[in-house]
Each structure stands twice: as structure tokens, then as C-alpha cells.
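This report describes a single protein chain, going from one unusual backbone position to the helices, empty spaces and charged pairs around it. The sequence and the structure are shown first.

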Amino acid sequence: MEDDGGRRWLGGEAALGGLLLVPTYRSDELPTSHPLHAVVAELDRNRRVEHLQLPRFDREEVAALLRGILGGPPPPETIDQIFVQSEGNAFFAEELIATTSRQSDPHRSSRLQGVLLARIAPLLEDTRHVLRLTATVRRPVAHHLLAAASQLAEERLLAAIREAVDRQVLLSEQDAYAFRHVLLQEAVYGQLLPGERQRLHRAVARVLAQDPLAASQPGAAVELSHHWYAAHDYPQALLASIAAARAAADVYGFTEAHHQYERALTLWNEVPDAQDQAGVALSELRLEAAEAARWAGLPDRAASLIQETLADLGGHIELGRAGLLWARLAECRSEAG
């Protein structure tokens with residue numbers, strides 16, 4: 001780089017001795033087409049130039065930052081929360097601790113969201129649509145799933161993804177795309193209107209339900225249950241919740257199974273022909289839910305579900321089965337103290 005007098009300020013022979021220049025830039029906010037990339041590449045060829053890449057903070061460095069801000073050591077759970085949410089970004093960590101501390105400024109949270117969304121505003125509408133879908137999925141999205149859910153023509157889809165990647169908003173990971181930062185994903189999703197959320201969740205659910213590869217992935221049933229429920233498609237959500245609960249129980253994931261059974265029981269009255277659609281009676285579903293609650297460490301809830309089942313069945317139950325349910329109820333009450 002030369003001035004009008006021909007003196008070289010960066011690279012080559014410096015005309016002024018004893019001068020140290022320390023320019024900085026944010027690499028994760030610089031579009032790949034920005035001319036600075038060419039300048040940096042040229043400078044890297046100069047042995048007199050040292051190029052330092054500062055990594056994100058690790059947990060200990062985030063803890064030290066928070067300690068300096070708060071004037072004392074924060075609780076370990078606060079450090080873990082801020083570290084996970086900020087992903088080691090010092091600015092995000094500072095803003096997050098400001099919004100969670102007792103003296104938090106109510107405008108800090110909206111300011112952080114504004115900073116994040118400012119990177120989205122200049123993008124094309126197709127790109128913003130792709131970002132909204134990716135934020136709705138909440139995990140890296142395979143290209144074929146994004147193509148099916150977006151319903152964009154291939155050229156428009158690729159152009160939108162390219163802009164998002166070039167603008168350092170999305171990362172390309174093998175055959176999937178993910179947000180560069182989880183806070184940016186949350187900001188994009190938080191900006192959606194209720195109707196937009198339902199429409200996007202419905203689009204994602206339909207694609208996942210029809211994709212055999214997605215259905216074979218761990219946690220697929222739970223993911224499908226989440227999207228149908230968020231789309232307010234209660235018949236589909238009921239079926240997906242029951243399937244997700246049983247799938248979780250099969251691998252001893254009783255906490256997740258309990259959560260899914262509770263959702264199914266909540267949805268039962270929202271679906272007019274729930275028993276026909278689910279293929280199971282409410283009493284049997286309650287007993288499945290009771291078993292999951294018990295193994296999830298919630299004997300009180302398990303006892304309540306068994307009591308409800310006994311009350312519903314009344315005299316329409318075989319004595320032997322009634323005895324087994326009363327025995328199970330006694331065990332749950334005993335475990336609950």
C-alpha cells in the first residue's frame with residue numbers, strides 16, 4: 001500500500017523506522033467477496049507481517065471476563081450458561097451477562113437482538129426465507145431437506161445459500177447448513193410472527209415425515225412431534241408425541257418419554273376422534289405415561305395417572321387387572337413417601 005509520495009506503509013520496505021501498525025478486523029463478519037481478503041493474502045506473503053488469528057474464549061477465559069464485569073466470581077451454572085450461549089464470543093458474553101444480572105438494562109436484550117438482526121436486514125428475501133427455515137429446524141439442515149421445505153427453484157435456493165454463506169451467516173458443514181452463531185439463530189426465530197412460525201414448522205414437519213433418511217436418525221420422532229405441535233396440527237402432533245414417547249422409552253430415555261406422554265395427554269381432548277386416530281384407549285395411554293413418569297423419578301405423577309385410570313374404568317375392569325393396578329399404585333405411593 002503506497003501513499004502519493006510512493007512510500008510503502010504496509011508490506012515491502014517501510015519508509016518510517018520504529019513504526020508498528022496493528023490493524024484488526026472481524027473475520028466472521030467479513031463477506032468472502034470483500035476486497036480486504038485480497039489485501040490480507042498479499043500481506044501474508046511478507047515475512048515482516050505477522051498475522052494473528054484470535055480464537056474464541058474457552059470456558060476459563062469466559063469465567064475471567066465475567067468475573068471482571070461482575071467484580072466477583074459468578075456461579076458455575078451462570079458461567080456454563082453464558083459460555084454455551086455466547087460460544088466464546090466476548091461481546092455476546094458481555095451482553096448476555098448484562099441482561100441476566102440484577103442490574104440489567106431492559107434495553108440491552110433488544111440492543112443485542114438489533115445488532116444480530118442488522119446482519120440479516122440487507123440480505124435478499126430468498127436468503128432471509130432460507131434463514132427463517134434453518135432457524136425453525138434448530139439444527140444443521142441437510143441440503144435436500146432445505147430444498148424441499150423452501151420450495152424454491154434450485155438456482156434461487158443455491159443463490160440464497162451462497163449469499164448466506166458469503167455473508168458469514170450460515171456455515172456449510174458437509175451436506176448441511178447451520179448458523180454461525182446460536183444467538184443469531186435465536187434472533188431470527190424470535191422475529192417470526194406466530195403465523196409465520198406455524199407455516200414454517202408445518203413445512204418442516206411435512207418434509208421430515210416424508211423423508212425416510214430423516215426418519216432413521218436418532219431423535220427423529222421427538223423432532224417431528226415438536227414441529228407438528230408448533231404448527232398447531234394437533235392430530236398429527238398427538239400421533240407423533242405417542243410415537244416419540246414410545247421410542248424414547250425403548251432406549252430408556254424416560255425423562256423425554258414422560259415429556260412426550262404429557263404432551264399427548266394434553267392434546268387428547270384437542271382431537272375429536274383421538275382414540276381412533278391414536279389406536280389406543282386413553283386409559284392405556286395413561287398407564288404407559290405412568291410407567292414413564294415412575295422411571296423418570298416422578299412417582300407422584302405416576303400415582304395420579306394410575307388413579308385417573310382406575311376412576312375412568314370403574315367397574316369395567318377385570319378383578320385381576322384391577323388388583324395389579326392397585327398394587328402398582330401402592331408401590332408409587334410408597335416411592336413417593
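## Two glutamines with positive phi

Glutamine 151 is exposed, at 71% relative accessibility. The model is a predicted one, and in it glutamine 151 occupies the loop between α7 and α8. Its phi is positive, about 60°, although the residue is not a glycine. In general, most residues other than glycine have a negative phi.

Glutamine 174 is another such case, with a positive phi of about 55° in a residue that is not a glycine. The loop between β2 (170-173) and β3 holds glutamine 174, and this residue is exposed as well, with a relative accessible area of 86%.

## The chain as a whole

The chain contains 18 helices and 3 strands. Of its 337 residues, 38% count as buried. Among contacts with a separation of 6 or more, 55% are between residues 24 or more positions apart.

## Helix α7 and its buried side

Helix α7 spans residues 143-150, and glutamine 151 follows it. Which residues of α7 are buried? They are His143, Leu145, Leu146, Ala149 and Ser150. These residues lie on the same side of α7, because they cover an arc of only 160° around the axis. The general background is that an α-helix has 3.6 residues a turn, so residues three or four places apart point the same way.

Several elements cover the buried residues of α7, including α6 (125-137), β1 (141-142), α8 (154-166), β3 (176-179) and α10.

## The cavity beside α7

A search of the whole structure gives 1 cavity of 30 Å³ or more. The volume of this largest cavity is about 60 Å³. Its lining consists of Leu133, Val137, Val141, Leu145, Leu146, Ala149, Val204, Val207 and Leu208. The elements that contribute two or more residues to this lining are α6, α7 and α10. Leu145, Leu146 and Ala149 therefore appear both among the buried residues of α7 and in the lining of the largest cavity, on the side of the helix described by the 160° arc.

What is the class make-up of the lining of the largest cavity? It has 9 nonpolar residues, with no polar and no charged residues.

## The second largest pocket

The second largest pocket has a volume of about 230 Å³. Its lining comprises 15 residues, and those nearest its centre are Ala215, Gly219, Ala220, Ala221 and Val222. Two or more lining residues come from each of α10 (194-210), α11 (212-215), α12 (220-230) and α13 (234-250). Helix α12 gives the largest share, 5 residues. Helix α10 thus contributes to the lining of this pocket and also to that of the largest cavity.

By class, the lining of the second largest pocket has 12 nonpolar, 2 polar and 1 charged residues.

## Salt bridges of helix α16

Side chains of opposite charge can pair when their charged atoms come close. The chain has 14 salt bridges by count. One of them joins the side chains of arginine 286 and aspartate 312, with an N to O distance of 2.1 Å. Arginine 286 belongs to helix α16 (residues 282-295) and aspartate 312 to helix α17 (residues 299-313), so this pair ties together parts that are 26 residues apart in sequence. Arginine 286 is buried, at 13% relative accessible area, whereas aspartate 312 is partly exposed, at 48%.

Helix α16 is also linked to helix α18 (residues 319-335). Glutamate 291 and arginine 328 form a salt bridge in which the closest N and O atoms are 3.7 Å apart; glutamate 291 is in α16 and arginine 328 in α18, 37 residues apart. Both partners are partly exposed, glutamate 291 at 30% and arginine 328 at 28%. Arginine 294 and glutamate 331 form another salt bridge, with the closest N and O atoms 3.1 Å apart. Because arginine 294 lies in α16 and glutamate 331 in α18, this pair ties together parts that are 37 residues apart in sequence. Glutamate 331 is partly exposed, at 40% relative accessibility.

Elsewhere, Glu125, Arg128 and Arg132 are joined into one network by salt bridges that share partners.

Methods
Residues are numbered from 1 along each chain as its sequence is written. This is a predicted model: local features need pLDDT of at least 70, side-chain atom pairs count only at pLDDT 80 or more; totals for chains, interfaces and linings use all residues. Side-chain values use heavy atoms; hydrogens and water are left out. On a 1 Å grid over the protein atoms alone, a cavity is a set of points where a 1.4 Å probe fits but cannot get out, and a pocket is an open set with protein on both sides within 12 Å along at least five of seven lines; lining residues have an atom within 4 Å of a point. Grid points are joined across faces, edges and corners, and a volume is the space filled by probe spheres set on the points. Helices (H or I, at least four residues) and strands (E, at least two) are DSSP runs, numbered from the N terminus. Ala, Val, Leu, Ile, Met, Phe, Trp, Tyr, Cys and Pro count as nonpolar, Asp, Glu, Lys and Arg as charged, and the others, Gly among them, as polar. Buried means under 20% relative accessible area, exposed over 50%, partly exposed in between (1.4 Å probe, protein chains only). The arc is that of the directions from the helix axis to the C-beta atoms. Contact means heavy atoms within 4.5 Å. A salt bridge is a side-chain nitrogen of Lys or Arg within 4 Å of a carboxyl oxygen of Asp or Glu.
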